[in-house]
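Here is a colleague's note to read beside the structure, written as numbered points. Please keep the model open while reading, and find each residue as it is named.

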Amino acid sequence: MELNTKHLKDALMRCGAAAEDFGFGFTETLSLIALALEGTKKNGDFVGNSLKSIFVRFNRQESLDQLKIMGIETHDEEGWPVPAKELLSELADRFESVPLHQQIYFAENMVGPRNVKTLLAILNLLNLNNQTQ
């Protein structure tokens, strides 16, 4: 599917408020949408709904527990929550060494089966970006 402004707009309409609540700025949200659109080859409606679900589920205790299992600290030394974008970036780094079947299992437990492909696409592309920096 070709990335175009309609898909970006549709996705942003569906997940923009949740992304903002989650601490992502406008540019960061558009970047995540573009990564998800590119990685999943789905339309903007699907990607926006999927990202919104990921943002909502990411803060649930079950998801935070999954991050801790992966060795990712969800709170800093002073007890403050680590920003979501940092958690996603660290998760992307960790996923590089995890076999695909474990990635899928982890992602299903964290964000639900309907959102696995979107989360994996974002993490794979974030990992590529992390490697080039």
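Which helices each supply at least two residues of the lining of the largest cavity?

1. The answer is H3 and helix H7 (116-132), each of which supplies at least two residues of that lining. Before going further, please bear in mind that this is a predicted model, and that the values in this note are therefore computed from predicted atoms. A search of the whole structure finds one cavity of 30 Å³ or more, and about 30 Å³ of space lies in the largest cavity.

2. The residues that line the largest cavity are Leu32, Leu51, Ile54, Phe55, Leu88, Leu119 and Ile122. H3 gives the most to this lining, with three residues. Sorted by class, the lining has seven nonpolar residues, while polar and charged residues are absent, with none of either. As background, rolling a probe the size of a water molecule over the atoms shows where empty space is left.

3. Turning to the rings, a search of the whole structure finds two aromatic pairs. One is formed by Phe24 and Phe55, whose arrangement is tilted, with 5.5 Å from centre to centre and 35 degrees between the planes. Phe24 lies in the loop between helix H1 (5-21) and helix H2 (26-40), whereas Phe55 lies in helix H3 (residues 44-58), so the pair ties together parts that are 31 residues apart in sequence. Phe24 is buried, with a relative accessible area of 7%, and Phe55 is buried too, at 4%; Phe55 also appears in the lining of the largest cavity.

4. In the pair of Phe95 and Phe106, the ring centres are 5.3 Å apart and the planes stand at 70 degrees, so the pair is edge-to-face, because planes over 60 degrees apart count as such. Phe95 belongs to helix H5 (residues 84-95) and Phe106 to helix H6 (residues 100-111), so this pair ties together parts that are eleven residues apart in sequence. Phe95 is buried, with a relative accessible area of 2%, and Phe106 is buried with a value of 4%.

5. Helix H2 deserves a paragraph of its own. H2 has 15 residues and reaches 21 Å from its first C-alpha to its last, which is close to the 21 Å expected at 1.5 Å a residue. Its buried residues are Thr29, Leu32, Ile33, Leu35, Ala36, Leu37 and Thr40, and one of these, Leu32, is also part of the lining of the largest cavity. When looking at such a list, it helps to recall that an α-helix has 3.6 residues a turn, so residues three or four places apart point the same way.

6. What phi does Lys41 take just after H2? Lys41 has a positive phi of about 60 degrees although it is not a glycine. For context, most residues other than glycine have a negative phi. Lys41 is found in the loop between H2 and H3, and Lys41 is partly exposed, with a relative accessible area of 48%.

7. Two further details are worth checking on the model. Lys42 lies over the face of Phe46, at 5.3 Å from the ring centre. Asp10, which is found in helix H1, counts as buried at 8% relative accessibility, because buried means under 20%. The C-alpha atoms of Asp10 and Asp45 are separated by 5.4 Å, although these residues are 35 residues apart along the chain.

Methods
Residues are numbered from 1 along each chain as its sequence is written. This is a predicted model: local features need pLDDT of at least 70, side-chain atom pairs count only at pLDDT 80 or more; totals for chains, interfaces and linings use all residues. Side-chain values use heavy atoms; hydrogens and water are left out. Rings of Phe, Tyr and Trp (its six-membered ring) pair if their centres lie within 6.5 Å; planes under 30 degrees apart count as stacked, over 60 as edge-to-face and the rest as tilted. Helices (H or I, at least four residues) and strands (E, at least two) are DSSP runs, numbered from the N terminus. Buried means under 20% relative accessible area, exposed over 50%, partly exposed in between (1.4 Å probe, protein chains only). A charge sits over a ring if NZ of Lys or CZ of Arg is within 6 Å of the ring centre and within 35 degrees of the ring normal. On a 1 Å grid over the protein atoms alone, a cavity is a set of points where a 1.4 Å probe fits but cannot get out, and a pocket is an open set with protein on both sides within 12 Å along at least five of seven lines; lining residues have an atom within 4 Å of a point. Grid points are joined across faces, edges and corners, and a volume is the space filled by probe spheres set on the points. Ala, Val, Leu, Ile, Met, Phe, Trp, Tyr, Cys and Pro count as nonpolar, Asp, Glu, Lys and Arg as charged, and the others, Gly among them, as polar. The expected span of a helix is 1.5 Å times one less than its number of residues.
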